[in-house]
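Welcome, and please open the model in your viewer. Let's walk through it together, one selection at a time.

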Amino acid sequence: MKKLSLLLLFSLSLSTIAQEVKLEKEERIHIEQMPEKARLFLSQKSLTENKTKRFYREIDGDKKSYEAKLKIHRKTYSIEFNTLGELEDIEIAIKEREVPKEVLKNIKNQLSERCDRYKIERIQAQYVNTSSTNQQEVLEQALKKNNFSKVNYEIIIKLKTNEETMRCEVLFDSLGNYKYHRKIIDYAHDTHLH
């Protein structure tokens, strides 16, 4: 019963709080349509050796951004920029087994506390560009994947209630502590590299 009431609370909070809804639309563009700073960042040798690249303009509610999706050493990277072309974050698609065991245990415990039934669809290690880092430092951390103290885990889950099935984006810190969640509206599978 506790789980059911938590699930209902989780579902209700997702549907009633506007800032917790992810209404993302992606439009594929050519690299020339990206901001100049973003193009310059993407022209670095470590990022130009890859043949599989796609570029997008994103709208997530009122927020607009640009994203480059590419494969590096068989891993899918999403590099997001703001409208000025400044790096926001770099996300890397990873498998559950790549998340440190204690962190994954913490994440699963918190998900189980919040909902009865869920399925993890995708996990991304997220390296965020903050005021204490610079773009190059973030790129180096993401390419080496060795600084887990500064990584977040962005997880897409499929959540089932008696009334509906929904998808949510849930963010956890480097220790697996819950940060926030958003219900996903218009989730598009076809824009991600496979």
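This tour goes from the whole chain to a few chosen residues.

**The whole chain.** Keep in mind that this is a predicted model. Start with a cartoon view: the protein has five helices and nine strands. Follow the chain from the N terminus, and you will pass the elements in the order α-β-α-α-β-β-β-β-α-β-α-β-β-β.

**The surface.** Now switch on a surface. The protein exposes about 11,000 Å², and 50% of that comes from carbon and sulfur atoms. Of its 194 residues, 44% count as buried. Contacts reach along the chain too: among those with a separation of 6 or more, 59% join residues 24 or more positions apart.

**Arginine 182.** Next, select residues 178-185, which form strand S9, and find arginine 182 there. Is arginine 182 buried or exposed? Arginine 182 is buried, because its relative accessible area is 15%, under the 20% cut-off. Show its side chain together with that of aspartate 60: the two make a polar contact at 2.9 Å.

**The two cysteines.** Finally, select cysteine 115 and cysteine 168. Cysteine 115 is buried, at 1% relative accessibility, and cysteine 168 is buried as well, at 0%. Why is there no bond between the sulfur of cysteine 115 and the closest cysteine sulfur, in cysteine 168? The two sulfurs lie 7.8 Å apart, too far for a bond, because a disulfide needs sulfur atoms within 2.5 Å. The count of disulfides comes to zero.

Note on methods. Residues numbered from 1 in each chain as written. Predicted model: local features only at pLDDT ≥ 70, side-chain atom pairs only at ≥ 80, totals over all residues. Heavy atoms only, no water. Helix = DSSP H or I, 4+ residues; strand = E, 2+ residues; numbered from the N terminus. Buried < 20%, exposed > 50% of the residue type's maximum accessible area, 1.4 Å probe, protein only. Polar contact = N/O pair within 3.5 Å; in protein donor to acceptor, adjacent residues only side chain to side chain. Contact = heavy atoms within 4.5 Å. Areas by Shrake-Rupley, 256 points an atom, 1.4 Å probe, with all protein chains shown as cover.
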